[in-house]
Amino acid sequence: WSSVIQCKAAVAWEPNKPLVIEEIEVAPPQADEVRIKIVATAVCHTDLYHLFEGMPKDGFPAVLGHEAAGIVESVGPEVTEFQPGDKVIPLFLAQCKECRFCKSPKTNQIRQGAMVGKESRFTCKGKKVLQFAGTSTFSEYIVIHQIAVAKIDPAAPLDKVCLIGCGICTGYGAAVNTAKVEPGSTCAVFGLGAVGLAAVMGCKAAGAKRIIAVDLNPDKAEKAKVLGATDFVNPKDHNKPIHEVLAGMTNGGVDYSVECVGNVEVMRSALESCLPAWGVSVIVGWTEMFDIKIRPPHLISGRTWKGSMFGGFKGKDGVSEMVKAYLDKKLQLEEFITHNMTLDQINDAIELMKQGKWYHILVLFINQWVHFK
């Protein structure tokens, strides 16, 4: 038995405007769906991209948020994997385990596309409200397809492991799964937001002997070194292109570079920073607004250029595996959390993220209220 829930959510009514805390209705889960009480969510730059940069005309009104953890409240018909009380992480990259893509070890994509659930179970003031990335975790409750939910260890602290739902897997996996960083290698990570710092952590876990962190903000150097960086380079401190600086530091170029900014010029710099003969460069940062320009010799000489979504982790399997790694003390998460805030402070959290100084701002749903009708 399940009924409509009335709860609080931060609604983006239109682009470039503050979110509004509203009372929304969350419908009961339908066949193959799970309704989840969100306990903690983080603010990710992808949410800001949708609100301030991408701004698709048909992308509003919406509830943003996609990096969270919660507890199953109820399940729809034909759901066998989950039951009320399970600790879970919602996935913006689903895993059905049945399609050609899910069965292939070569990809973490899914035939249905990255975003599952074109249907929204949200309404507010009589209007349908879209679910961003199929998840929409800036809401006290969400409904999501069961192929886009990962069950996690009951011992996992939800206010920490929520970060595994996007940023940590995205950066860490870009180094470990996509670049396949080797022991004793040299690496450069461009951009030290949460994703870039997770990439630094991944390079260290893979055994890199030198990890050069690159960012315009010198305040991020210390945190990068805590997570494994051996060097910090600020491009503003040099009067020549950053790839030339890195080439000078590494006898011709790094073995691996990971771009975590979403800027096409930085993507090119990251590629050029790699050793021409065998360097591997991975693009992680997202943008659809510009094209990348390179010259064919940048690749002909032997470099490899790769892209990585969600760090190459298959949704359900990868998230459960990373939660276990955290519980086994093989993964750092506390170091990524800079602020704890409530849903009512969501616009403050977004402003802090826009300043570019913070890695992860956690929104905790401490005083949840809910009405059934």
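**Exercise 1. Is Lys-329 buried or exposed, and what is the sign of its phi?**

Step 1. The relative accessibility of Lys-329 is 77%. Buried means under 20% relative accessible area, exposed over 50%, and partly exposed in between, with a 1.4 Å probe and protein chains only. Lys-329 therefore counts as exposed.

Step 2. Lys-329 sits in the loop between helix H10 (315–327) and strand S17 (337–342). Helices here are DSSP runs of H or I with at least four residues, strands are E runs of at least two, and both are numbered from the N terminus.

Step 3. Lys-329 is not a glycine, yet its phi is positive, near 60 degrees. Most residues other than glycine have a negative phi.

A word on the model before we go on. It is a predicted one, in which local features need pLDDT of at least 70 and side-chain atom pairs count only at pLDDT 80 or more, while totals for chains, interfaces and linings use all residues. Residues are numbered from 1 along each chain as its sequence is written, and side-chain values use heavy atoms, with hydrogens and water left out.

**Exercise 2. Where is Asn-16 found, and how does its accessibility count?**

Step 1. Look in the loop between strand S1 (5–12) and strand S2 (20–26), where Asn-16 is found.

Step 2. Asn-16 has 46% relative accessibility, so it counts as partly exposed.

Step 3. Its backbone is worth a check too: Asn-16 is not a glycine, but its phi is positive, about 65 degrees.

**Exercise 3. Is the peptide bond from Phe-60 to Pro-61 cis or trans?**

Step 1. Omega for this bond is near -10 degrees, and the bond is cis. Most peptide bonds are trans.

Step 2. To place the bond, find Pro-61 in the loop between helix H1 (45–54) and strand S4 (62–63).

**Exercise 4. Which residues are in contact with Asp-47, leaving aside neighbours within four places in sequence?**

Step 1. Start in helix H1, where Asp-47 lies. With 2% relative accessibility, Asp-47 counts as buried.

Step 2. Contact means heavy atoms within 4.5 Å. By that test, and with the sequence neighbours set aside, Asp-47 meets Ala-42, Leu-64, Gly-65, His-66, Phe-132 and Phe-138.

Step 3. Take one partner, Gly-65: it is 18 residues from Asp-47 along the chain, and their C-alpha atoms are 6.1 Å apart.

**Exercise 5. How are H1 and helix H11 (residues 346–354) oriented, and which residues meet?**

Step 1. The two axes come within 10 Å and cross at roughly 95 degrees. Axes are lines fitted to C-alpha atoms, for helices over the stretch in contact, and angles run from 0 to 180 degrees between N-to-C directions.

Step 2. H1 is therefore roughly perpendicular to H11. The classes are roughly parallel under 35 degrees, roughly antiparallel over 145, roughly perpendicular from 65 to 115, and oblique for the rest.

Step 3. On the H1 side we find His-45, Leu-48, Leu-51 and Phe-52, which meet Ile-350, Met-353 and Lys-354 of H11. This contact divides into five nonpolar residues, one polar and one charged. Ala, Val, Leu, Ile, Met, Phe, Trp, Tyr, Cys and Pro count as nonpolar, Asp, Glu, Lys and Arg as charged, and the others, Gly among them, as polar.

**Exercise 6. How do helix H4 (residues 167–179) and helix H5 (residues 194–205) cross, and how many residues of H5 are buried?**

Step 1. Their axes come within 7 Å and cross at roughly 40 degrees, so H4 and H5 are oblique to each other.

Step 2. By class, the contact of H4 with H5 has ten nonpolar, four polar and no charged residues.

Step 3. Ten of the twelve residues of H5 are buried. The buried residues of H5 pack against H4 and several other elements, including strand S11 (186–190) and helix H6 (221–226).

Step 4. Check the length as well. The expected span of a helix is 1.5 Å times one less than its number of residues. For the twelve residues of H5 that gives 16 Å, which agrees with end C-alpha atoms 16 Å apart.

Step 5. After H5 comes Gly-207, with a positive phi near 95 degrees.
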